[in-house]
Each structure stands twice: as structure tokens, then as C-alpha cells.
Amino acid sequence: MCYDADAVPPVHAPAVTRVAAAGPVTLTSADGTLFAAFLARPEQPSGAGVLVLPDNNGLSPFYETLTTRLAEQGHPAIAIDYFGRTAGTDYAHRDAEFTSMGNLMRHLGELTPAGLDADITAATDRLRSIGALDLFSLGFCFGGRQAFRSAATRFGLAGSVGFYGFPGPINGAPGPIQLAADLTTPILALWGGADDGIPAAMVGAFDEALTEAGCPHEFVIYPGAPHGFFALTAQDFVEACADAWRRVLDFVATHRSPQM
């Protein structure tokens with residue numbers, strides 16, 4: 001997991017527009033499951049929307065703030081929670097028992113690719129319903145892995161951005177390396193050079209798999225940066241955070257429709 005309950009994303013730059021509205025919403029997945037999300041809408045939208053995919057703790061204040069900061073840059077953004085099927089929609093009041101390692105791993109173990117895909121689709125449908133035309137995914141840790149998966153054609157995204165998403169298999173489930181042949185959407189992948197959980201060889205294998213599959217991609221490795229470096233309190237990595245923000249926003253600007 002990446003972020004503690006009190007973590008805050010870094011600041012990019014002055015806002016280009018005001019936030020018209022920001023707050024929790026409840027979405028309905030294809031199987032009828034209700035799940036929590038947080039939606040932020042700018043007063044002057046860019047036309048590009050961002051699906052924010054949290055780390056394996058699910059929806060938290062870090063991602064609520066991140067959606068707001070994206071909206072300040074003109075991009076309506078929605079962050080989703082993963083645990084509607086097993087923990088309900090009241091993500092803000094889950095107790096320490098939920099976040100304990102054993103219990104959290106149980107909830108994570110009950111997630112399925114079909115359920116995740118359905119929730120992602122429900123969230124992108126919401127973004128489209130409020131006028132976002134070109135959609136992007138932006139994920140962290142577990143969410144980075146899901147962002148890479150969302151580069152598959154079936155999601156209809158314009159681009160996918162993943163911070164330190166584990167690309168290999170987990171408990172026998174194929175990872176983005178194994179799924180690379182199905183990935184077609186441009187990918188921006190951001191990695192910490194000192195991330196002990198994601199070996200450099202695995203990052204290289206993902207790079208090679210995407211190249212072989214013909215998926216456009218850019219990998220950026222920040223030397224000395226740990227897993228979860230993208231945070232306001234990461235004072236040793238202020239420059240890396242600023243560069244990562246710039247790359248994310250440039251990626252959206254580059255890959256959205258040219259008429260915008």
C-alpha cells in the first residue's frame with residue numbers, strides 16, 4: 001500500500017479554474033453493486049476527464065484531494081473505492097479493523113477482474129455523462145496496476161497513467177506484463193528507482209512486453225525515489241513530484257482530442 005490516512009498529494013501549480021463542486025457520490029456497477037466514489041468538477045472543463053484509481057486501501061482523503069487538484073486544472077475527476085461488494089459504501093467510517101493487514105488482504109482477495117472492470121466502466125460512464133469526452137486513468141500502486149489494465153481497448157480511454165503499479169503476476173493472476181498483448185491505449189508509467197517492491201528487471205520486462213505488443217508507452221524512473229514518493233511530505237523528492245505532475249498533465253494535453 002502507498003498512503004497513510006493523513007497523506008496529501010503534492011501541489012502542482014496555481015489553479016486554472018475554480019472547482020464547481022466536489023463530494024462523494026454513489027455509483028452502480030453492472031452487477032447492481034453500489035460503490036463509493038468522489039467526484040470533482042471544474043467550472044471551466046477542459047473536455048478531458050480523469051478516472052483516479054487508488055492504492056489497495058481504497059478511496060481515502062488523499063484521492064479526494066487529488067481529484068480536486070485535477071479539477072483545478074480543468075479536468076473533471078472521479079476516484080473510486082474498490083470494496084462496495086464486501087464493505088459497503090461508507091468508506092469514510094471504516095475502522096481500524098478494516099485497515100488491519102489481515103482484514104484488508106481478505107477484502108483484496110475477494111476482488112475480481114470482472115468486478116473491477118465493471119466498477120471502472122461505471123465510473124467512466126459517469127464522467128462521460130457530465131460532458132468529459134476524452135478519458136484517462138490515473139492510478140497508484142494497486143491502482144497503477146489497474147490503470148495499466150485499463151489501457152485495453154474495451155475501456156475506450158485516451159490514455160493510462162500508472163504510478164508504481166506492480167506489473168507482474170500476483171497469486172497466479174496475470175499482471176500487465178502478461179496482458180500486454182491486449183493493451184493498446186498510450187501508457188505513461190512512473191516508477192521509483194528505489195522501490196524495493198518492484199524490481200528493475202520487472203519494469204524492464206513490462207517495457208519489453210509493451211514494445212512487442214506495439215502499445216505506445218513512456219517509462220520514467222526517478223533515481224532514489226521510494227514507492228509512494230508522490231506526496232506533499234516527500235521533501236527529498238519535491239523535484240520528482242513536480243516533474244511527475246508536469247508529465248501527467250502534459251500526457252493528458254497531448255492525447256486528448258486536438259479540437260479541445
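1. Which residue of strand 4 does valine 52 stand opposite? In this predicted model, valine 52 stands opposite alanine 79 in strand 4, and that contact belongs to a pairing of strand 3 with strand 4 (residues 77–80), which runs in the parallel sense over three bridges.

2. Strand 3 also pairs with strand 5 (residues 134–140), again in the parallel sense, and here the pairing extends over six bridges. Within this pairing, glycine 49 is the residue that stands opposite leucine 135 in strand 5.

3. The link between strand 3 and strand 4 deserves a look of its own, since helix 1 (residues 61–72) joins with these two strands to make a right-handed β-α-β unit.

4. As for its surroundings, strand 3 (residues 48–53) is largely enclosed by the rest of the structure, because six of its six residues are buried. In a regular strand, side chains alternate between the two faces of the sheet. In strand 3, Ala48, Val50 and Val52 point one way, whereas Gly49, Leu51 and Leu53 point the other way, and all of them are buried.

5. A reader may also ask about the cysteines, and here the count of disulfides comes to zero. A disulfide is a covalent bond between the sulfur atoms of two cysteines. For cysteine 241, the closest cysteine sulfur is that of cysteine 2, and because the two sulfurs are 12 Å apart, they are too far for a bond.

6. On exposure, cysteine 241 is buried, with a relative accessible area of 3%, and cysteine 215 is likewise buried, its relative accessible area being 3%.

Key. Residues numbered from 1 in each chain as written. Predicted model: local features only at pLDDT ≥ 70, side-chain atom pairs only at ≥ 80, totals over all residues. Heavy atoms only, no water. Disulfide = S-S within 2.5 Å. Buried < 20%, exposed > 50% of the residue type's maximum accessible area, 1.4 Å probe, protein only. Helix = DSSP H or I, 4+ residues; strand = E, 2+ residues; numbered from the N terminus. Pairing = 2+ DSSP bridges. Right-handed = clockwise from strand over helix to strand, strands pointing away.
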